[in-house]
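Dear colleague,

I am handing over the structure we spoke about, and I would be glad if you could look through it with the notes that follow it.

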Amino acid sequence: MPRLARGRVSALAVVPEGGKQPTGAEAGPPRVLLPSAWPAPAAERILQRGIFEIDGRSCDVVLSDSALRWRPIQPERPAAPAAGNSKCGFLSKEEFIELKDLFSVKLKWRRSAKQQKGGTLLGIALFVCMKKEQNKIKDHTLTLNNSSEDHCSSWVRDLKKILTEFSNRPKSLKVLINPQSHKKEATHIYYEHVEPLLKLAEIKTDVTITEYEGHALSLLKECELQEFDGVICVGGDGSASEVAHGLLLRAQMDAGIDTNYILTPVRTPLPLGIIPAGSTNVLAHALYGITHVVTATLHIIMGHMQPVDVCTFSSTGKFLRFGFSAVFGFGGRTLALAEKHRWMPPNQRKDFAVIKTLASLKPEDCEISFLPVKAFQDFQEASRNEHRTTESDYNDQWQKIQGHFLNISIMAIPCCSSVAPGGLAPNTRLNNGSMALAIARNTSRPEFVKQLKRYASLKNQFNFPCVETYTVTEVKLQPRNNCGYDTGDVEFCGTSRENHYPWNIDGDLTEVASEVHIKVHPQLIKLYGGCLEGMNDYK
């Protein structure tokens, strides 16, 4: 069994009256020393105490309202005292688990292959969530062996009662699986790795395997969500973004907000959990620090949550969608070309689109307006201090740049992945109320390729003369070309909709004919993940 969190406590052997320690034959069989004066931390309330066998050793086990502690029951074996030392003692190791790391408890039975119930009681199985390495967490089973059914049942009742008091943990989840994600492994991942853990934690689930693009969105807009504590998406970044968009759109509908014109969106009450089953999984990486299915599942089971900023995208005043990141120019054209060749395998399709777009590399003539974070904060401070502020004051805070740009990215999350370990926006956080605006001005193809390659390393990808970065709260981007696609190049038409520009929004192709307004809204949605502080780890 892996070593758990440990401390060391001292217990002195009992010396008979008169101070003489018996030796040799006088000693008789060894006596058991049960530390009856074992102190629990002052804040803990003792619920149960008993003897169980743990890892082949008889242990004195104490259950409090916050931890389970045990140490081996030591036989008293006196020895001749060392010179100058009249006391004889031994050290007993204490081990413990904190109950906040416990996610399930069961009676453990030995049964034959055909038995469904009954059998021979072995004891209690405790299922614990523990940090293993870096950001990875794993489930671990601790077995308390004792054949008394009354004794074990009493302990299980107390432990289950404690588990019910963790109100942030979900008891019922709506699960949406995209079977087409990446290598079409999402369904297998869920039923093989996720569902067994959810069942172990006694979480009820309602599973839907989506059948077409937009199915999850349609479902979330119409189905009854009151019975669920959260929604789980098993898929890639496109699937996760669609579900997040659906949850937020549903929240606006429930609040009576016109979804064609969303200026100040309300938060969604249901948290979203993401099981990574895509190719890049940037949202999962931002939440968990790792794309590990068991880690993601355990974060959901434990109810670890954090608020995350979300952007609204609108054009000519009309709401388009919610999202976390967007790319215009090279990133949008590459996705448009990849979508045109969906008959190719995913990795081959992406490589083809990148190479073909680089071969036809051309800048976009744009006007970019943005509201820097500092200017926005100053405007808010003036409003709070009851200084008279007008729309003109607000407009004066905006900055504007014009020119020819190869790529423009707007990110409310870091967008880390295996292909960009440093992230597309490394200085952005999940909930700091700002976006990273990165602009690549027109430059030579070799210089632009060099900048793209820098994303694959941990070096500063913005340390190029052609790249500018800003921290902003709003962006307005107005293309100034006469047409969106170069209609003379059939490879880049990609659509019959002329004069529409391709945007890559969270990995989804969105085509817009005119200005796009992107605004970040702080902590608009809660996502499961990101809470490892205080969790016990393996030694």
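In this predicted model, the contact of H2 with H6 is made by Ile189, His193, Val194, Leu197 and Leu198 on the H2 side, which meet Val293, Val294, Thr297 and Ile301 in H6. Sorted by class, the residues of this contact are 7 nonpolar and 2 polar, with no charged residue among them. Two packed helices are described by the angle between their axes and the distance between the axes. For helix H2 (residues 186–200) and helix H6 (residues 293–302), the angle is about 35° and the axes are 10 Å apart, and the crossing in which H2 passes H6 is right-handed.

As for the protein as a whole, it has 12 helices and 24 strands, and of its 539 residues 48% count as buried. Among contacts with a separation of 6 or more, those between residues 24 or more positions apart account for 72%. The protein exposes about 26500 Å², of which carbon and sulfur atoms supply 49%.

The aromatic rings come next, and the count of aromatic pairs is 8. In one of them, the rings of phenylalanine 328 and tryptophan 503 have their centres 4.9 Å apart and their planes at 40°, and the pair is therefore tilted, since that class takes the angles that are neither under 30 degrees nor over 60. Phenylalanine 328 lies in strand S17 (residues 325–329), whereas tryptophan 503 lies in strand S22 (residues 501–505), so this pair ties together parts that are 175 residues apart in sequence. Phenylalanine 328 has a relative accessible area of 1%, and because buried means under 20%, phenylalanine 328 is buried. Tryptophan 503 is likewise buried, with a relative accessible area of 1%. Ring pairs also bring in a further residue here, in that Phe328, Tyr501 and Trp503 are linked by them into a cluster.

A second pair is formed by phenylalanine 370 and tyrosine 470, whose ring centres are 4.5 Å apart and whose planes stand at 40°, so that this pair, too, is tilted. Phenylalanine 370 belongs to strand S18 (residues 364–372) and tyrosine 470 to strand S21 (residues 467–479), so to speak of the pair is to speak of a link between distant parts of the chain, 100 residues apart. How do the two partners stand in terms of accessibility, buried or partly exposed? Phenylalanine 370 is buried, with a relative accessible area of 1%, whereas tyrosine 470, at 23% relative accessibility, counts as partly exposed.

Helix H7 (residues 330–340) holds threonine 334, which is buried, with a relative accessible area of 11%. Leaving aside residues up to four places away in sequence, threonine 334 touches Ala353, Val354 and Thr357. The helix around threonine 334 is largely enclosed by the rest of the structure, because 9 of the 11 residues of H7 are buried. These buried residues are Phe330, Gly331, Gly332, Arg333, Thr334, Leu335, Ala336, Leu337 and Ala338.

Three further positions may deserve your attention when you go through the backbone. Glycine 56 lies in the loop between strand S3 (46–54) and strand S4 (57–64), and at 60% relative accessibility glycine 56 counts as exposed. The C-alpha atom of glycine 56 is separated by 9.0 Å from that of asparagine 145, although the two residues are 89 residues apart along the chain.

Lysine 184 has a phi near 60°, which is a positive value in a residue other than glycine. The place of lysine 184 is in the loop between strand S11 (172–177) and H2, and lysine 184 is exposed, with a relative accessible area of 57%. Glutamine 523 has a positive phi as well, near 50°, and is again a residue other than glycine; glutamine 523, however, sits in strand S24 (residues 516–528). With a relative accessible area of 32%, glutamine 523 is partly exposed, because that class lies between the limits of 20% for buried and 50% for exposed.

With kind regards

Notes: Residues are numbered from 1 along each chain as its sequence is written. This is a predicted model: local features need pLDDT of at least 70, side-chain atom pairs count only at pLDDT 80 or more; totals for chains, interfaces and linings use all residues. Side-chain values use heavy atoms; hydrogens and water are left out. Helices (H or I, at least four residues) and strands (E, at least two) are DSSP runs, numbered from the N terminus. Buried means under 20% relative accessible area, exposed over 50%, partly exposed in between (1.4 Å probe, protein chains only). Contact means heavy atoms within 4.5 Å. Accessible areas come from the Shrake-Rupley method with a 1.4 Å probe; for residues, only the protein chains shown count as cover. Axes are lines fitted to C-alpha atoms, for helices over the stretch in contact, and angles run from 0 to 180 degrees between N-to-C directions. A crossing is left-handed if the near helix is turned anticlockwise from the far one by less than a right angle, and right-handed if clockwise. Ala, Val, Leu, Ile, Met, Phe, Trp, Tyr, Cys and Pro count as nonpolar, Asp, Glu, Lys and Arg as charged, and the others, Gly among them, as polar. Rings of Phe, Tyr and Trp (its six-membered ring) pair if their centres lie within 6.5 Å; planes under 30 degrees apart count as stacked, over 60 as edge-to-face and the rest as tilted.
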